[in-house]
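Here is a short briefing to read alongside the model. Take a look at the chains first, then follow the notes below.

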Amino acid sequence: MRRRNFLAAAGASLLAGCSRIGDTQWFGKLVEGADNWHRGLHRALGFGRITMAPEFTRADLSPDFRGNGSLTVDSDAYRAAEAAGFADWRLEVTGLVDAPLSLSMDDIRALPQRTQITRHDCVEGWSAIGEWTGPQLSHLLHAAGVQPEANYVVFRCADLYNGRPYYESCDMDDALHPQTIVAHQLNGEPLPVKNGAPLRMRIERQLGYKHAKYLTGIELVASLDHIAGGKGGYWEDAAGYQWYAGI
Amino acid sequence: MSRPRKRHALSTRLWHWVNALAVILLFMSGLNISNAHPRLYWGQAGFARAEAWLELPRFPGWATIPNYYSLSGARDWHVLFSLVLGFSLLAFMVAALINRHMQRDIFARAREWSPGNIWRDIVEHLRFNFDHGGGKYNILQKIAYSGVILVLLPLMILTGIVMSPGGEAALPFLTDLFGGRQSARSIHFLAAWGLCLFFFVHVALVLVSAPIRQLRDMITGGRDDAAA
């Protein structure tokens with residue numbers, strides 16, 4: 001039937017056209033704009049209050065909190081650190097700060113702690129609920145003294161994924177958010193290796209790939225342009241995932 | 001009095017085509033997103049096969065945007081056209097309330113809901129007689145159009161907000177309304193297929209009822225000669 005042939009041809013050209021449009025630079029710009037619109041809407045819909053991710057009770061905890069992405073760090077240094085119970089792990093706070101910090105695990109545990117039971121949403125679509133404990137990132141940032149030129153916080157990780165160092169970043173709004181913590185415990189126990197031992201970020205208003213694991217450094221920067229691929233994170237650089245992962 | 005009334009207002013026609021484009025692109029990029037984790041759950045959380053209420057098939061490349069598996073590429077289309085869908089629907093609703101298209105043509109009167117009237121309408125449809133009844137649309141059309149405009153499209157938008165961690169934080173009551181994030185995800189998937197079903201029935205009925213005139217009227221506006 002000619003009509004069917006026409007429809008099939010129209011469908012095929014739509015598909016081919018979309019795949020080609022998806023690769024163009026102007027489409028990328030358009031999506032970046034839409035990404036920012038979503039972020040603006042998410043903030044505006046709070047009408048001035050700080051929007052909070054829902055928190056749950058211990059009855060809601062997932063029986064096993066799935067590990068995804070890197071499930072360990074493939075290096076002798078990490079294996080040695082793991083064998084030593086991560087006693088000598090250090091977290092550096094650097095970049096546009098008045099006083100760079102180098103914190104031990106004891107330093108981190110000595111800070112005021114926040115415990116929150118939240119739902120972790122992977123970009124793939126699944127969710128798991130876990131109880132996370134650690135100091136608020138805002139505490140660390142205040143202690144280091146953030147300089148006014150700082151616009152982003154970059155999270156440096158010990159793991160390589162497909163041979164490249166994993167990293168992530170967020171804006172100051174998410175960095176200073178009360179639910180953004182440097183977690184060292186999951187469900188009341190030290191972080192399991194598959195979930196990012198000994199330290200990982202929790203940035204609860206964004207998807208899972210933002211929650212950097214095996215955390216070694218926190219760096220304040222004015223721009224993300226000159227860090228790795230320049231898109232603000234491993235998945236953003238490697239596969240074009242959206243930098244604002246609140247969608 | 002100078003110009004004859006159009007069968008379809010400009011706002012209706014603009015929205016119809018913008019929405020058609022957005023729904024097609026969102027549906028097909030949505031099938032690509034579904035391929036990333038093809039299982040559905042009820043409640044807040046879930047990732048194991050044992051927790052799923054439905055295991056989905058892998059949707060083939062000819063049905064997805066892009067036409068190969070790319071979660072980030074599909075999300076780009078979704079991120080962009082979710083805004084187009086949401087804001088164009090809002091604009092259409094405001095326009096249709098102001099020009100009274102909604103009250104006059106979309107909302108069904110109480111008497112139209114009588115089983116006798118609905119039954120008569122089904123019989124007329126089966127006889128391929130689509131020009132009957134007093135108003136612009138018959139009761140089956142009103143059910144279908146209001147189902148899409150007032151139920152399915154708003155459901156897609158609201159469940160989409162629940163699935164966005166940033167949107168959920170802004171409007172947390174929505175998550176409870178749908179019974180959790182994974183429930184919202186399941187409803188999003190089901191409502192998408194509801195829209196798909198509407199799309200094919202809608203196109204099929206246009207094709208069997210003066211397709212050239214119907215298409216032309218939805219582009220140019222046509223002449224309002226049916227209604228009083």
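In chain B, G221(B) comes right after α9(B) and has a positive phi, near 105°. The model is a predicted one, in which local features need pLDDT of at least 70, side-chain atom pairs count only at pLDDT 80 or more, and totals for chains, interfaces and linings use all residues. Residues are numbered from 1 along each chain as its sequence is written, while chains are lettered from A and ligands numbered from 1 in the order in which they are written.

**Helix α9 of chain B**
- Helix α9 (residues 211–220) of chain B is hardly covered, with zero buried residues among its 10; buried here asks for 20 or more other C-beta atoms within 10 Å of a residue's own, with C-beta atoms placed from the backbone.
- Helices are DSSP runs of H or I with at least four residues, and strands are runs of E with at least two, numbered from the N terminus.

**Helices α1 and α8 of chain B**
- The axes of α1 (residues 10–36) and α8 (residues 181–207) of chain B come within 11 Å and cross at roughly 140°.
- α1(B) and α8(B) are therefore oblique to each other (neither under 35 degrees, nor over 145, nor 65 to 115).
- V23(B), F27(B), G30(B) and S34(B) of α1(B) meet F189(B), A192(B), L195(B) and C196(B) of α8(B).

**Chain A against chain B**
- Contact (C-beta atoms, placed from the backbone, within 7 Å) joins 40 residues of chain A with 31 residues of chain B.
- The largest share of chain A's side, eight residues, comes from α2(A).

Conventions: Axes fitted to C-alpha atoms, helices over the stretch in contact; angles between N-to-C directions. Contact = placed C-beta atoms within 7 Å. Buried ≥ 20, exposed ≤ 12 C-beta atoms within 10 Å, placed from the backbone.
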